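Colleague: Could you walk me through how to read the features of a protein model?
Modeller: Happy to; let us put it on screen.

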Amino acid sequence: MSAVEPIRNEIDLLKLENYLRSKNYRDFVLFCTGINSGLRISDILKLNVEDVKNKKFIRLREQKTNKFKVFPINSKLKKIFKKYVKYKKPKEPLFLSQNDRRLDRITAYRIINEACKALGIKENVGTHTLRKTFGYHFYKRYKDVAMLQRIFNHESPHTTLTYIGITEDEIFKSYTKFIL
């Protein structure tokens, strides 16, 4: 089984957002949270309403690393969260399943996978696709691998570039276009 990939095409991202928004707003919020925060799915799924409602920052202890993380909620997520949590209780999990339990990783995987299949998106996707998509587009926009390495808590720039799917071809392409 090959590793999951980021969703590189921005048009595909918009299609996914529209598809999920029309199908299930919770799933749309989950997707947007992942691609706009760079959090691991385990950290997204442990969020409660009080972690985002009327907040400027998300503060959490990362499950995998046990490190404390604080980062600002961008304007897109603020707007989405405001609508999504309006009538929810503060201690309630941010993402509930149909049986009123905290959404699990397997269900999150199905949501992402089924949406991509429905739209004909060919990348090998999974729950890590959200984090990798954030990283890929962050890197493409800012070209700041050092900052992304810090965001992801990776040991080296190479690890970060490999993780987000910046292939050797893309690196070679950037060299050929860079002329001083």
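What follows is a short tour of helices, strands and cores in this predicted model.

Colleague: Let us begin with helix H8; which of its residues are buried?

Modeller: The general idea helps here: an α-helix has 3.6 residues a turn, so residues three or four places apart point the same way. In H8, which spans residues 157–164, the buried ones are Thr-160, Leu-161, Tyr-163 and Ile-164. Looking down the axis of H8, these buried residues fall within an arc of 160°, so they line one face of the helix.

Colleague: And which exposed residues does the face turned away from the buried side of H8 carry?

Modeller: That face has His-158 and Thr-162.

Colleague: What do the buried residues of H8 pack against?

Modeller: They pack against helix H6 (128–142) and helix H7 (145–152). Just after H8 comes Gly-165, with a positive phi near 85°.

Colleague: Now the strands. How do the side chains along S2 point?

Modeller: In a regular strand the side chains alternate between the two faces of the sheet. S2 (residues 68–72) shows such alternation: Lys-69 and Phe-71 point to one face and are buried, whereas Phe-68, Val-70 and Pro-72 point to the other and are not buried.

Colleague: In which sense do S1 and S2 pair, parallel or antiparallel?

Modeller: Antiparallel, over 5 bridges. One of the pairs to look at is Phe-57, whose bridge partner in S2 is Pro-72. The hairpin of S1 and S2 has 6 residues between the strands, and Asn-66 in this hairpin takes a positive phi near 65°.

Colleague: Let us turn to the interior. Which residues touch the most other members of the largest nonpolar core?

Modeller: That core has 37 residues, and the ones touching the most other members are Leu-30, Phe-31, Ile-58, Phe-81, Leu-94 and Phe-95. At least two core residues come from each of helices H1, H2, H3, H4 and H5 and from strand S1. H2 supplies the largest share, 6 residues. There is also a second, separate core of 10 residues, with Phe-134, Tyr-139, Phe-152 and Ile-166 among them.

Colleague: What does Phe-31 touch, leaving out residues up to four places away in sequence?

Modeller: Phe-31 touches Ile-7, Leu-13, Leu-16, Glu-17, Leu-20 and Leu-130.

Colleague: One last residue: is Asp-27 buried or exposed?

Modeller: Asp-27, found in helix H2, is buried because its relative accessible area is 9%, and buried means under 20%. Apart from neighbours within four places in sequence, Asp-27 is in contact with Leu-20 and Ile-111.

Notes:
Residues are numbered from 1 along each chain as its sequence is written. This is a predicted model: local features need pLDDT of at least 70, side-chain atom pairs count only at pLDDT 80 or more; totals for chains, interfaces and linings use all residues. Side-chain values use heavy atoms; hydrogens and water are left out. A nonpolar core is a set of buried Ala, Val, Leu, Ile, Met, Phe, Trp, Tyr and Cys residues joined through side-chain atoms within 4.5 Å. Buried means under 20% relative accessible area, exposed over 50%, partly exposed in between (1.4 Å probe, protein chains only). Helices (H or I, at least four residues) and strands (E, at least two) are DSSP runs, numbered from the N terminus. Contact means heavy atoms within 4.5 Å. The arc is that of the directions from the helix axis to the C-beta atoms. Two strands pair if DSSP finds at least two bridges between them.
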